[in-house]
Each structure stands twice: as C-alpha cells, then as structure tokens.
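Dear colleague,

I am passing on to you the structure that I have been looking at. Please open it first, and then read the notes that follow.

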Amino acid sequence: MNILDFANNNWQDLDGLASFLNDLSHDQRVAETRRLGKGRQKTLYAAVEGRNMDLDYFVPDSVPDMTPVHHIGWNSMPPGFRSFEKRMLRPEQGAKELWGYNEGHLRPLVGNGYFVVEKQDNGEVGVNYYRVPTATVSQWPSPISENNGLISSLVYGKMVDVMRKVSDHVSIGRAVKKGKLTGNYFVLVRQDL
C-alpha cells in the first residue's frame, strides 16, 4: 500500500490515510508525499478542508522556546524547485504566533522567505509572508528582512500559505497571493520529535 492508493480512491478514506502516514517513519513519510504531483496535491487539499489545527501542530508545546522544528516540503512547482524546508519556532511560551523561514538550495537566490505563522479567523493556520519575526534568531540566516527584494517579492511577497492537516506529521498548504488563490500547493512533513 502507498499514498497513491488513497489518491486513486479520491481521498475518500482520510482517517485511513492519516493512520497509514502516522505508522510510517519520517523518511517513509517524506518519500510517500513526494509521490504527489500538482493534481493530487490539489485534490488532497480540497479533501481535507475543515481539518484544521493549532499552532502547536507545527511546533508542539513540548519543544522548548526558540528551538526550530523542521518541516520537509514538496511543492507543485517545476522540477528543481520542488524540495524545500520550512523551519519554525515558538518565540516564547504562550505566544500567539510562530516564526519561520524557508531553507533550500535556492535560498541564496530567492531570499530567506521569513514569515509569521498565525491562526486565521476561519480557524485555519496561515503562513504569513506579510509579517516577519521581530527579533533575530541565532541559528537562522540574518538579517531578518521583509520579503520586498526584487526576487523575494516575486516568490514570497504579499503571500499567505493556508495550511490544512492531513495526519499527525503531514500537512498541506495552498498559496494565496495578493488575496487571490493560486494553483500552487505543497506538502509538509514535520520532523519526528
């Protein structure tokens, strides 16, 4: 069995999909999510509508403050641009937001892609590139800057990634650029903690 069996059944067994992914190792989860191309990411995103989560899904309460949690990403972009990481942390206990940036082989070209993760009014979680962390994080590239450079504004500017839960470690997002839905989707696999 693999993730495509669930896709080929139009994602009708979401609980079974979650159990399947939960039972895999981290590396197996990453391998399974990399089977999903744009079309399957799109249909999965639609299928998990309403499967919301809180900020502690991305950085569990058990993780100490200012400790990055890595989420391995696979997006619907052309080959060579698909693999990336979102690294997130909680700035302090009780914070109503998380901080993060994008890591990958294209970071020197496209910028750090700093963001703030926040709960949205509709209950979903948004990775908000309009906002950036308000303090330096020693483990991360600096300086922290807004996403308004020539290339970084094209990639990250005026964007919010809207996230939905798939399983205990896997989430899926869709980019909203300048308030408009895009056709760009991606899957994240949170590291084992």
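Two strands are said to pair if DSSP finds at least two bridges between them, and helices (H or I, at least four residues) and strands (E, at least two) are DSSP runs numbered from the N terminus. Please keep in mind that this is a predicted model, in which local features need pLDDT of at least 70 and side-chain atom pairs count only at pLDDT 80 or more, while totals for chains, interfaces and linings use all residues. Residues are numbered from 1 along each chain as its sequence is written, and side-chain values use heavy atoms, with hydrogens and water left out.

With those terms in hand, Leu98 stands opposite Val117 in E4, and strand E3 (residues 97-103) is joined to strand E4 (residues 115-119) by four bridges, the two running antiparallel. Both belong to a closed barrel of eight strands in the order E1-E2-E3-E4-E5-E6-E7-E8, with antiparallel pairing.

The largest nonpolar core (buried Ala, Val, Leu, Ile, Met, Phe, Trp, Tyr and Cys residues joined through side-chain atoms within 4.5 Å, where buried means under 20% relative accessible area, exposed over 50% and partly exposed in between, with a 1.4 Å probe and protein chains only) has 24 residues, and Trp11, Leu17 and Ile172 are among those with the most contacts inside it. Its largest share, four residues, comes from H2. Leu17 touches Ile3, Phe6, Trp11, Leu44 and Val166, not counting residues up to four places away in sequence, where contact means heavy atoms within 4.5 Å. A second, separate core of 22 residues includes Tyr57, Val110, Val127 and Leu188.

I also looked at the largest pocket (on a 1 Å grid over the protein atoms alone, an open set of points where a 1.4 Å probe fits, with protein on both sides within 12 Å along at least five of seven lines; lining residues have an atom within 4 Å of a point). It is lined by 25 residues, of which Asn75, Met77, Phe81, Val155 and Tyr156 are the closest to its centre, and E8 gives the most to this lining, with four residues.

Phe81 itself lies in the loop between E1 and E2 and is partly exposed, with a relative accessible area of 45%. Leaving aside its neighbours within four places in sequence, Phe81 is in contact with Asn75 and Leu106.

With best wishes
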